[in-house]
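Below is a short note on this structure, set out as numbered points. Please read it alongside the coordinates.

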Amino acid sequence: MTTQTGATDLRADVIIVGAGSGGCVLARRLLDKGARVLLLEAGGSDTQPGTGLLIRAPAAFPKLFKTGVDWAFDTVEQPHAGGRRFYWPRGKVLGGSSAINATIYIRGSRSDFDGWGEGWRWEDVLPAFRDIEKFTGEGGEFRGDAGELAVGHRAASHNLSHAFVQAASSVLGVPALSSFNHGTLEGAGILESNHHRGERQSAFRAFLRPVLHHPNLTVLTGARVLELLWEGTRAVGVRLRWKGRTLDAPAGGVVLAAGAVQTPQLLMLSGVGPKEELTRHGIGVRVNLPGVGAGLQDHLAVPVIFRSKVQSLDAGSEGAAFAQWLLNRTGPLASNIAEASAFVRSGPDLEHANLQYHFGPAYFRDHGFQRADGWHFTVGPVLVEPHSSGRIGLSSADPLAAPRIDPQYLSDERDLRALVSGVRQAREIAAGEGLGQVNAGEVLPTTALQSDTDLGEFVRQECATLYHPVGTAALGDGDEAVVDRQLAVRGTQGLWVADAAVMPRIIHANTNATSMMIGARAANFVSLKL
Ligand SMILES: Cc1cc2nc3c(=O)[nH]c(=O)nc-3n(C[C@H](O)[C@H](O)[C@H](O)COP(=O)(O)OP(=O)(O)OC[C@H]3O[C@@H](n4cnc5c(N)ncnc54)[C@H](O)[C@@H]3O)c2cc1C
């Protein structure tokens, strides 16, 4: 599958590897600055038969799992989480993971970014967030209304989601909020989404599709980058597989935006990474950077599910839901399943809320692969301040092989304790004012499980990724930093990273908005050096 637009040769000022959240925003902002951009995406178009409509219908995202638009990675066995291998979906399509995600739009908090330090504090990143947003609600100093990305409340939220907000705020003693995007992550509220008239707005749809015929833009789909090309320590292009051929594409600079899983893999395949890891796989060391692949963090979610006395989102026929969505872009498929959230501290001594409940007026377990008849709602505690961290390594020097993914889930005891407390609190919320009246009984973990030991075992067996890996090419100043504060790869020239990999510490919320913000800011740094 190929999309070739604008200029037809492969010569560019900048090559961007990966048309995901970071890559699409970066490409658009570089075009705006007059650069010639070659964007290389391993996946295909987002309008392919079989997946195109499922990408556009927001609540259909679980139907995209393990299809052709999903890399469908697996972690290595996780010794602290029942020895399980965790399934990790990642988008392999124009738009990347923003084309298969749950469309929640949420920035991190002021303290998240202040913690990243110089150049990345809240005051530094806020203009970039505002710049990308076309916010449909009440504006104000924190919001942008002139950007490309539709942001705001969905046209409709389920009554159960409103009941959750009421119950969570009264049980947890936190305020009911109209938005989480003002820099503070405390309270309960309906989540904002990236929807436009009932359809998903991926980063590709918002930022690139409108300018696809720009003369300075070439987008190649089905273009798998294998490694970087070098002159000494200067990146001067990439080698790629495209239409069964291996090609070399030169450029004035290269930006990796292949995501937190594959950006470190590409760096290592190109000789940039921890010396021992490269040597083990027979790869020559160009720059010994021990931080590449290290510092991997993710958010873990636990399904706590109840039967509902009122009709839930997933109760009707799938065919009818699809017909309604096709007709006027309303109904269950115009939802994003995780419609509401609440942020709370699992203990009084914590500085920040470390749990984010995701509420869905539906049965959501095992990425949606496991279904159940009847009406349900899910109150899923998600650990947004994990202490465990792992790494991305190589499984082989073969660029077409999947990398070795080891998040080391629950290796820090505090993470298990926080999630167990989250399960207990989810039960309280489900019994709270508003939700208690429609709660027809606990399905998961089941009321039989009450002790810390039993609930701990339940968490180990049932927890799943909330799809937010970050930190594998972290920005900073120390020895473990992979990129500097302008996102340039240390020890190299002409090479940058612009995706979720650069987050030096996972934010306390969903990671898509921040990945796009990183793409937007990267354009400023890269264009200065071209
Ligand atoms: C199922 C799911 C649900 C999620 N839900 C939400 C949500 O509701 N809200 C939220 O805020 N966040 C959510 N996230 C997380 C969010 O989408 C990601 O953090 C964000 O998209 C990451 O952006 P990125 O630019 O780092 O990588 P990606 O968007 O993953 O982009 C990387 C791109 O690089 C391409 N690529 C990789 N390797 C190569 C190569 N060698 N050559 C060429 N191209 C390559 C990939 O195909 C992909 O298109 C979700 C993620 C998933 C997977």
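1. Residues 259-273 are a good place to begin: their end C-alpha atoms lie 16 Å apart, and the span is 73% helix and 13% strand. The model is a predicted one. UniProt, in an unreviewed entry, places the feature "domain: Glucose-methanol-choline oxidoreductase N-terminal" at residues 91-114 and 259-273. Over residues 91-114 the chain is 21% helix and 8% strand, with 29 Å between the end C-alpha atoms.

2. Helix H7 covers residues 259-269 and is mostly covered, with 11 of its 11 residues buried. Among the buried residues are Gly 259, Gln 262, Thr 263, Pro 264 and Gln 265, along with Leu 266, Leu 267, Met 268 and Leu 269. Just after H7, Gly 271 takes a positive phi of about 90°.

3. Helix H10 runs over residues 413-430, 18 residues in all. From its first C-alpha to its last it reaches 26 Å, close to the 26 Å expected at 1.5 Å a residue. Its buried residues include Asp 415 and Arg 427, as well as Leu 416, Leu 419, Val 420, Val 423, Gln 425 and Ile 429.

4. Which residues bring H5 and H10 into contact? Helix H5 (residues 159-172) packs against H10 at an angle of about 115°, and the two axes are 8 Å apart. The crossing is right-handed. On the H5 side the contact is made by Phe 164, Ala 167, Ala 168, Val 171 and Leu 172, and on the H10 side by Gln 425, Glu 428 and Ile 429. By class, these residues divide into six nonpolar, one polar and one charged. Gln 425 and Ile 429 also appear among the buried residues of H10.

5. A second helix pair is H1 (residues 21-32) with H12 (residues 512-529), packed at an angle of about 35° with axes 7 Å apart. H1 passes H12 in a right-handed crossing. From H1, the contact takes in Ser 21, Gly 22, Val 25, Leu 26, Arg 29 and Leu 30. From H12, the contributors are Asn 512, Ser 515, Met 516, Gly 519, Ala 520, Ala 522, Ala 523, Val 526 and Ser 527. The residues of this contact divide into eight nonpolar, six polar and one charged.

6. The loop between strand E2 (37-41) and helix H2 (52-56) holds Thr 51. Thr 51 counts as buried because its relative accessibility is 9%, and the cut-off for buried is under 20%. Leaving aside neighbours within four places in sequence, Thr 51 is in contact with Leu 64, Thr 67 and Val 69. Gly 44 lies in the loop between E2 and H2 as well, and its 10% relative accessibility makes it buried. Gly 44 and Leu 94 are 50 residues apart in sequence, yet their C-alpha atoms are 6.2 Å apart in space.

7. Is Asp 349 buried or exposed? At 72% relative accessibility, Asp 349 counts as exposed, the cut-off being over 50%. Asp 349 sits in the loop between strand E21 (340-344) and strand E22 (355-360). Asp 349 and Pro 399 are 50 residues apart in sequence and 46 Å apart in space, C-alpha to C-alpha.

8. Some backbone geometry deserves a check. Most residues other than glycine have a negative phi, and most peptide bonds are trans. The peptide bond from Leu 444 to Pro 445 is cis, with omega near 5°. Pro 445 lies in the loop between strand E26 (439-444) and helix H11 (452-462). Thr 446 is found in the loop between E26 and H11, and has a positive phi of about 90° although it is not a glycine. With a relative accessible area of 32%, Thr 446 is partly exposed.

9. Gln 408 is another non-glycine residue with a positive phi, here about 55°. Gln 408 belongs to the loop between strand E25 (404-406) and H10. Gln 408 is partly exposed, its relative accessible area being 23%.

Methods
Residues are numbered from 1 along each chain as its sequence is written. This is a predicted model: local features need pLDDT of at least 70, side-chain atom pairs count only at pLDDT 80 or more; totals for chains, interfaces and linings use all residues. Side-chain values use heavy atoms; hydrogens and water are left out. Helices (H or I, at least four residues) and strands (E, at least two) are DSSP runs, numbered from the N terminus. The expected span of a helix is 1.5 Å times one less than its number of residues. Buried means under 20% relative accessible area, exposed over 50%, partly exposed in between (1.4 Å probe, protein chains only). Axes are lines fitted to C-alpha atoms, for helices over the stretch in contact, and angles run from 0 to 180 degrees between N-to-C directions. A crossing is left-handed if the near helix is turned anticlockwise from the far one by less than a right angle, and right-handed if clockwise. Contact means heavy atoms within 4.5 Å. Ala, Val, Leu, Ile, Met, Phe, Trp, Tyr, Cys and Pro count as nonpolar, Asp, Glu, Lys and Arg as charged, and the others, Gly among them, as polar. UniProt positions are given in the numbering used here, feature names are shortened, and annotations may be inferred rather than shown by experiment.
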